[in-house]
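Work through the exercises below with the sequence and the model at hand. Each task is followed by a solution in steps.

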Amino acid sequence: MPRIAVTVDGIRYEEDVEPRLLLVHLLRDRLGKTGTPVGCDTSNCGACTVMLDGKSVKSCSVLAVQADGSDVVTVEGLSANGDMHPMQRAFHEEHALQCGYCTPGMVMAAIDLLREDPDPSEEAIRKGLEGNLCRCTGYCNIVRAVRRGAQSMGQAVTTP
Ligand code: FES
Ligand code: FES
């Protein structure tokens, strides 16, 4: 069984993993990172999105062995000193949580979107999050939250 080393939310782990083990199951079942949900079995929903070496990935479409030597950040690693990440706070303040199932993946995808486009239009936000599905179909609040998150992260947000 391959042995991998991976840093998750700032802590280094060494784990023996079956070659077929998915990263999302390593995170949830072995490391207790249950803040990252599994929302589908088709790699469509994006609920399982985490940062892998700084870029958002659907962790159900990555094998744990592929994360060997990598740095992973889950939604549980975003807060610092008990303070929510600005994007988490924006989701809270804009009531973008709804049932909350898709929220971790939405937050991670939004942060990645701002890395590439710190001043996203509403259209860019909707396009940037199109790999993340919200079954509550409440995208208006989510888009507002991403705009607010961008503002509070010190970025000017323009209206399309
Ligand atoms: S659980 Fe990964 S995309 Fe749905
Ligand atoms: S908030 Fe319920 S699935 Fe998005």
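**Exercise 1. Asp 53 and its hairpin**

Task: Decide whether Asp 53 is buried, partly exposed or exposed, and describe the place where Asp 53 lies.

Solution. Step 1: The relative accessibility of Asp 53 is 49%, so Asp 53 counts as partly exposed; buried means under 20% relative accessible area, exposed over 50%, and partly exposed in between (1.4 Å probe, protein chains only). The model is predicted: local features need pLDDT of at least 70, side-chain atom pairs count only at pLDDT 80 or more, and totals for chains, interfaces and linings use all residues. Residues are numbered from 1 along each chain as its sequence is written, chains are lettered from A and ligands numbered from 1 in the order in which they are written, and side-chain values use heavy atoms, with hydrogens and water left out.

Step 2: Asp 53 lies in the loop between strand 3 and strand 4. Helices (H or I, at least four residues) and strands (E, at least two) are DSSP runs, numbered from the N terminus.

Step 3: Strand 3 and strand 4 form a hairpin with 2 residues between them. The two strands pair in the antiparallel sense over 4 bridges; pairing requires that DSSP finds at least two bridges between two strands. Val 50 stands opposite Val 57 in strand 4.

Step 4: Phi of Asp 53 is positive, near 50°, in a residue other than glycine.

**Exercise 2. A second positive phi**

Task: Find where Thr 137 is located and state whether Thr 137 is buried or exposed.

Solution. Step 1: The loop between helix 4 and helix 5 holds Thr 137. Step 2: Its relative accessible area is 61%, so Thr 137 is exposed. Step 3: Thr 137 is not a glycine, yet has a positive phi of about 50°.

**Exercise 3. The sheet**

Task: Give the strand order of the sheet and explain why one side of strand 2 and of strand 4 lacks a neighbour in the sheet.

Solution. Step 1: The open sheet has 5 strands in the order 2-1-5-3-4, with mixed pairing. Step 2: Strand 2 (11–16) and strand 4 (55–58) are at the edges and have a single partner strand each, so one side of each has no neighbour in the sheet. Step 3: From one strand to the next, the twist averages 35°. Axes are lines fitted to C-alpha atoms, for helices over the stretch in contact, and angles run from 0 to 180 degrees between N-to-C directions.

Step 4: Strand 1 (residues 3–8) pairs with strand 2 in the antiparallel sense over 6 bridges. Ala 5 has Glu 14 in strand 2 as its bridge partner.

Step 5: Helix 3 (residues 103–116) packs on the sheet and touches strand 3 (49–52), strand 4 and strand 5 (71–73). The direction of helix 3 makes about 40° with that of strand 3. Contact means heavy atoms within 4.5 Å.

**Exercise 4. Asp 9**

Task: Locate Asp 9 and list which residues Asp 9 touches.

Solution. Step 1: Asp 9 is in the loop between strand 1 and strand 2. Step 2: Asp 9 has a relative accessible area of 18% and is therefore buried. Step 3: Leaving out residues up to four places away in sequence, Asp 9 touches Lys 33, Val 72, Val 73, Thr 74, Glu 76 and Gly 77.

**Exercise 5. Helix 3 and helix 5**

Task: Describe how helix 3 and helix 5 cross, and which residues meet.

Solution. Step 1: The axes of helix 3 and helix 5 (residues 139–152) come within 11 Å and cross at roughly 45°. Step 2: The two helices are therefore oblique to each other; angles under 35 degrees count as roughly parallel, over 145 as roughly antiparallel, 65 to 115 as roughly perpendicular and the rest as oblique. Step 3: Met 106, Ala 110, Leu 113 and Leu 114 in helix 3 meet Tyr 139, Ile 142, Val 146, Gly 149 and Ala 150 in helix 5.

**Exercise 6. Pro 120**

Task: State where Pro 120 is placed and whether Pro 120 is buried or exposed.

Solution. Step 1: Pro 120 is in the loop between helix 3 and helix 4 (122–128). Step 2: With 0% relative accessibility, Pro 120 counts as buried. Step 3: Pro 120 and Ala 150 are 30 residues apart along the chain, and their C-alpha atoms are separated by 8.2 Å.
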